[in-house]
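Here are a few exercises to work through with the structure open. Try each task before you read its solution.

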Amino acid sequence: ARKAYTDANPLSRARYEAACAVMPGGNTRTVLFFEPFPLCIARGEGCRLWDADGHEYLDFLGEFTAGLFGHSHPAIARAVKDALDNGILLSGHNMVEARFAAAVCARFPSLEAVRFTNSGTEANVLALATAKVATGRSKVLVFDGAYHGSVLSFARGVLPINVPHAWVVGTYNDVAGTEALFDAHGDELAAVLVEPMLGSGGCVPAERAFLEMLRARTQRCGALLVLDEVMTSRLAPGGLQSELGIRPDLTTLGKYIGGGMSFGAFGGRRELMDRYDPRRTDALPHAGTFNNNVLTMNAGLAALELLTPETVRELSARGDALRTRLNRLCTEASVPMLFTGLGSLLTVHFTARPVRCGADAASGNAELKELFFFDMLTRGIYLARRGMMTLSLPNGNAECDALLVAVASFLEERRSLLL
Ligand code: PMP
């Protein structure tokens, strides 16, 4: 599969090799790298992508959830153009940031107040800093396989270069094991930082009992519960937290909410967020040249207007239906392969066992996953090398059907390898 891929993509390869002269790995996003070399994407439109060699793909990656609106959505393009027409580096408070903040807070009820950043990574860094100051404690409980940003990664097999915190690392969905960690460290915990579904870690949903335990135990020991909804906030009109009935102390957001511009945000309980009020003598600092940049503020406002509760529910329903049909194909073929996730977020795993934590997600057959990835590219389906797929708004029923056809033919053609 790698040989066929190499032969089919000479121009992507040439670009990659040239880029390596000035960027280690030929890029600045580790997540995009795969052997033998990544594709160079030249252009996008709606839910389609074209690479440097002219191949066309259905985009089932959607920029790891940030591309929810599809490429060059007219309403967002208009908002960006409006911003450009009025100057984008205004050196001051501006006309849109408070409107955008109000839209974000209205959408996610646990956000009584919010502050913007440029990325989900920064949002999590600031949420943890807030928790440390608010509690006067130093430890942070996170979970194996979690991804909270480029300097906050608990992925397996990755050398951590995490920002310094006294990390306590638990096992996702392990209620008893995590309770033992609370028993041992509860008094010193500033926060528990958790994704309500491991996203990058393999689209592994949290079980309700696990999250309810985290809510109850953080309350009891005086630590903050920080829900990282950078990926999952798209899954229900008020975020996954509203669906689950879990009210965190702080929430972090990112990805699609900026309409495709650089975006991150953290918010939550008023009394915590008020620590950033500069009128206080003990105010926490939070600057950032681009935090209120009008491109993001304008695009984000347009984005949230597009995302009505009905649109959010429809997209989730389309994803659920797709996952069900994909899993039915796997079951009917009797192969050890399954698709996990919630709503419009899914990941393929080559295992017959249930996937409940980071270790389960990492234990699947890596060669088959690679084969699946290259086979899907050949069939015109673009997805993440790690097997993650997302639905964006323009990925409708016809595109979902095309994905199902591609997976069905993979199952048929590769049957002997899969069994
Ligand atoms: N948290 C989660 C759950 C994420 O999936 C990501 C990005 N994949 C981040 C945080 C970091 O966001 P960013 O890439 O914008 O820094």
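The radius of gyration used here is taken over C-alpha atoms, and the globule rule is 2.2 Å times the number of residues to the power 0.38. Keep in mind that this is a predicted model.

**Exercise 1.** Work out whether the radius of gyration of the protein agrees or disagrees with that of a compact globule.

*Solution.* Start with the chain length: for 419 residues, the rule puts a compact globule near 22 Å. The protein comes out at 21 Å, so the two agree. For the outer dimensions, the C-alpha atoms fill a box of roughly 65 × 55 × 45 Å along the principal axes. Then check burial: 46% of the 419 residues are buried.

**Exercise 2.** Split the protein into domains and describe the side of domain 1 that touches domain 2.

*Solution.* First, the domain assignment gives domain 1 as 2-68 + 308-418 and domain 2 as 74-306. Their centres sit 26 Å apart. Next, count contacts: 26 residues of domain 1 meet 25 residues of domain 2. On the domain 1 side, α11, β13, β14 and α12 each supply at least two residues, and α11 gives the most, with five. By type, that side has 13 nonpolar, 11 polar and two charged residues.

**Exercise 3.** Find where the largest nonpolar core lies relative to the two domains.

*Solution.* The core has 109 residues, and among those touching the most other members are Leu224, Val226 and Ile381. Both domains give residues to this core, so it lies between them. Now zoom in on Leu224: beyond its neighbours within four places in sequence, its contacts include Ala131, Ala191 and Leu250.

Definitions and conventions:
Residues numbered from 1 in each chain as written. Predicted model: local features only at pLDDT ≥ 70, side-chain atom pairs only at ≥ 80, totals over all residues. Domains from an automatic or database assignment. Contact = placed C-beta atoms within 7 Å. Helix = DSSP H or I, 4+ residues; strand = E, 2+ residues; numbered from the N terminus. Nonpolar A, V, L, I, M, F, W, Y, C, P; charged D, E, K, R; others polar. Core = buried A, V, L, I, M, F, W, Y, C linked by C-beta atoms within 7 Å. Buried ≥ 20, exposed ≤ 12 C-beta atoms within 10 Å, placed from the backbone.
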